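Biologist: Could you take me on a close look at a single part of this protein? I would love to hear what lies around it as well.

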Amino acid sequence: MTQQHALLHSHPLFVDLARLDLPIGDYIIAGSGPLLARGIRADITDLDVVVRGRAWDIARTLGPVVTAPWEGVRRVVLGGGRLDVLNGWFPSMWDLDEFIETRESIDGLPFAPLDRVLRWKRRLGRAKDIADINALMEYFDAEVGTAAEPVPADGPAAP
């Protein structure tokens, strides 16, 4: 286990996630969690967990089910808002089962692939996503040895 991964398992959000004891094949960690797992972000303040099947059945017993702020997705908010368990992730972009099946295992935990993280962060284009978009572009550029234009702090340009 690398130092990054050891820190990952000791991070309070991942400790809280482990306590839920969700079936590993029925969830994927989305949001900024994949950035933390890859060392692109130093820390995160909440964890988005996308679930299906038995994992959703478990989550629904832990708190009230409410509507998420996009595309009719339902969620259960736990830990004072620090753990968001959702039954979908941008359904207009991805089918739930297909999205979960694309998971990449990092130290036994299922994470959304970084190319998908970049796609939804670009789609949202919120001010808080701009730094992540730029960090992801740098990460991908380092992998392929090219350079990209950073996204300005006021968001991406309209098409």
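Modeller: Happy to; here is a look at helix 4 and the nonpolar core. This is a predicted model, in which local features need pLDDT of at least 70 and side-chain atom pairs count only at pLDDT 80 or more, while totals for chains, interfaces and linings use all residues. Residues are numbered from 1 along each chain as its sequence is written, and side-chain values use heavy atoms, leaving out hydrogens and water.

Helices (H or I, at least four residues) and strands (E, at least two) are DSSP runs, numbered from the N terminus. Helix 4 spans residues 53-60, and its buried residues are Ala55, Trp56, Ile58 and Ala59; buried means under 20% relative accessible area, exposed over 50%, partly exposed in between (1.4 Å probe, protein chains only). These four sit on the same side of helix 4 because they cover an arc of only 160 degrees around the axis, taken from the directions from the helix axis to the C-beta atoms. Among the elements covering them are helix 2 (12-20), strand 2 (47-51) and strand 4 (74-78), where contact means heavy atoms within 4.5 Å.

Helix 4 also gives two or more residues to the largest nonpolar core, as do helix 2, strand 2 and strand 4, among others. Such a core is a set of buried Ala, Val, Leu, Ile, Met, Phe, Trp, Tyr and Cys residues joined through side-chain atoms within 4.5 Å. This one has 25 residues, and Phe14, Leu17, Leu22 and Leu47 have the most contacts inside it. Not counting residues up to four places away in sequence, Phe14 touches residues including Leu8, Ile29, Leu47 and Phe111.
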